[in-house]
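Student: I would like a close look at one helix of this model and at what surrounds it. Please take that part slowly, then place it within the rest of the chain.

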Amino acid sequence: MNIDFKPSEDSDKSERYRQFLKHYATLIEGERDEISVMANTVAALKEAFGFFWVGFYLVKSEQELTLGPFQGSIACYRIRKGRGVCGTAWEKACPLIVPDVNLFPGHIACSSESRSEIVIPIIYNKVIKGVLDIDSDKADSFDETDRKGLEEMVNLMAATLYR
């Protein structure tokens with residue numbers, strides 16, 4: 001498999017997501033192993049967008065997310081429902097964009113270098129399977145373009161894995 005996720009230098013963010021999603025669909029087509037797909041997903045996201053930290057937390061119990069595949073510095077193993085950005089996005093079942101993690105009540109600082117964050121719940125048939133968590137080492141790194149592109153990617157991944 002030879003799929004290049006490196007972005008074109010002259011493309012804007014919307015175009016980068018469009019290209020990413022096209023290649024991503026090919027990458028995961030027909031694969032049903034959750035860990036394998038998530039591992040390649042974080043590698044592709046890191047390559048395409050250069051995110052500081054990107055990974056998944058998976059629902060393994062009613063009250064706790066468990067660390068899944070990721071790329072970046074070491075991370076928290078478990079996050080309680082309603083705690084931090086990931087636990088809050090899980091509890092509310094909606095994406096969260098946090099421009100400054102230091103201003104988010106109860107932020108869990110796995111890395112002191114993290115400055116902003118976006119979390120997208122993975123929902124299939126109204127069941128939350130986990131969350132995609134992406135951190136930046138710069139404040140205010142994420143916007144609605146990121147939310148839309150990442151939600152589309154997560155929805156494609158969920159439809160492939162959990163159908």
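Tutor: A residue counts as buried when its relative accessible area is under 20%, and as exposed when that area is over 50%, with partly exposed in between. Keep in mind that this is a predicted model.

The part to look at is helix α3, residues 84-92. Seven of its nine residues are buried, so the helix is largely enclosed by the rest of the structure. The buried ones are G84, V85, C86, G87, T88, A89 and W90. What do they pack against? The buried residues of α3 meet six strands: β1 (53-59), β2 (64-71), β3 (78-80), β4 (96-98), β5 (116-124) and β6 (127-136).

T88 serves as an example from within α3. Its relative accessible area is 10%, under the 20% limit, so T88 is buried. Leaving out residues up to four places away in sequence, T88 touches G82, R83, L96 and F104.

Just after α3 comes A93, with a positive phi of about 55°. A93 has this positive phi although it is not a glycine. The residue sits in the loop between α3 and β4. Its relative accessibility is 39%, so A93 counts as partly exposed. Another non-glycine residue with a positive phi is K126, at about 65°. K126 lies in the loop between β5 and β6, and at 83% relative accessibility it counts as exposed.

Now to the nonpolar cores. The largest has 32 residues, of which F20, Y24, L45, L132 and M157 touch the most other members. Two or more residues come to this core from each of α1 (13-28), α2 (34-49), β1, β5, β6 and α4 (144-162). A second, separate core has 19 residues, including W53, A75, V85 and F104. Two of these names have come up already: V85 is one of the buried residues of α3, and F104 is in contact with T88.

Back in the largest core, L45 shows what such a position touches. Apart from its neighbours within four places in sequence, L45 is in contact with F20, G50, F51, V54, L132, L150 and M153. F20 and L132 are themselves among the core residues that touch the most other members.

Two of the helices that give residues to the largest core, α1 and α4, also pack against each other, at an angle of about 10° and with their axes 10 Å apart. Angles under 35 degrees count as roughly parallel, and α1 and α4 are therefore roughly parallel to each other. On the α1 side the contact is made by K13, S14, Y17, F20, L21, Y24, A25 and I28, and on the α4 side by T145, D146, G149, L150, E152, M153, L156, M157 and T160. By class, this contact has 10 nonpolar, four polar and three charged residues.

Aromatic rings tie several of these regions together. The model has nine aromatic pairs. One is F5 with F20, a tilted pair at 5.2 Å centre to centre and 50° between the planes. F5 lies in the segment before α1 and F20 in helix α1, 15 residues apart. Both F5 and F20 are buried. Another pair, W53 with F70, is stacked, at 5.3 Å centre to centre with 20° between the planes. Here W53 belongs to strand β1 and F70 to strand β2, 17 residues apart. W53 has a relative accessible area of 4% and is buried, whereas F70, at 28%, counts as partly exposed. Ring pairs also link F5, Y17, F20, Y24, F49, F51 and F142 into a cluster.

One last reference point is P7, which lies in the segment before α1. P7 is partly exposed, with a relative accessible area of 28%. Not counting residues up to four places away in sequence, P7 touches R16, E47 and A48. The C-alpha atoms of P7 and A93 are separated by 30 Å, and the two residues are 86 places apart along the chain.

To return to the request: α3 is a helix largely enclosed by the rest of the structure, with its buried residues packed against strands β1 to β6 and the partly exposed A93 just after it.

Definitions and conventions. Residues are numbered from 1 along each chain as its sequence is written. This is a predicted model: local features need pLDDT of at least 70, side-chain atom pairs count only at pLDDT 80 or more; totals for chains, interfaces and linings use all residues. Side-chain values use heavy atoms; hydrogens and water are left out. Buried means under 20% relative accessible area, exposed over 50%, partly exposed in between (1.4 Å probe, protein chains only). Helices (H or I, at least four residues) and strands (E, at least two) are DSSP runs, numbered from the N terminus. Contact means heavy atoms within 4.5 Å. A nonpolar core is a set of buried Ala, Val, Leu, Ile, Met, Phe, Trp, Tyr and Cys residues joined through side-chain atoms within 4.5 Å. Axes are lines fitted to C-alpha atoms, for helices over the stretch in contact, and angles run from 0 to 180 degrees between N-to-C directions. Angles under 35 degrees count as roughly parallel, over 145 as roughly antiparallel, 65 to 115 as roughly perpendicular and the rest as oblique. Ala, Val, Leu, Ile, Met, Phe, Trp, Tyr, Cys and Pro count as nonpolar, Asp, Glu, Lys and Arg as charged, and the others, Gly among them, as polar. Rings of Phe, Tyr and Trp (its six-membered ring) pair if their centres lie within 6.5 Å; planes under 30 degrees apart count as stacked, over 60 as edge-to-face and the rest as tilted.
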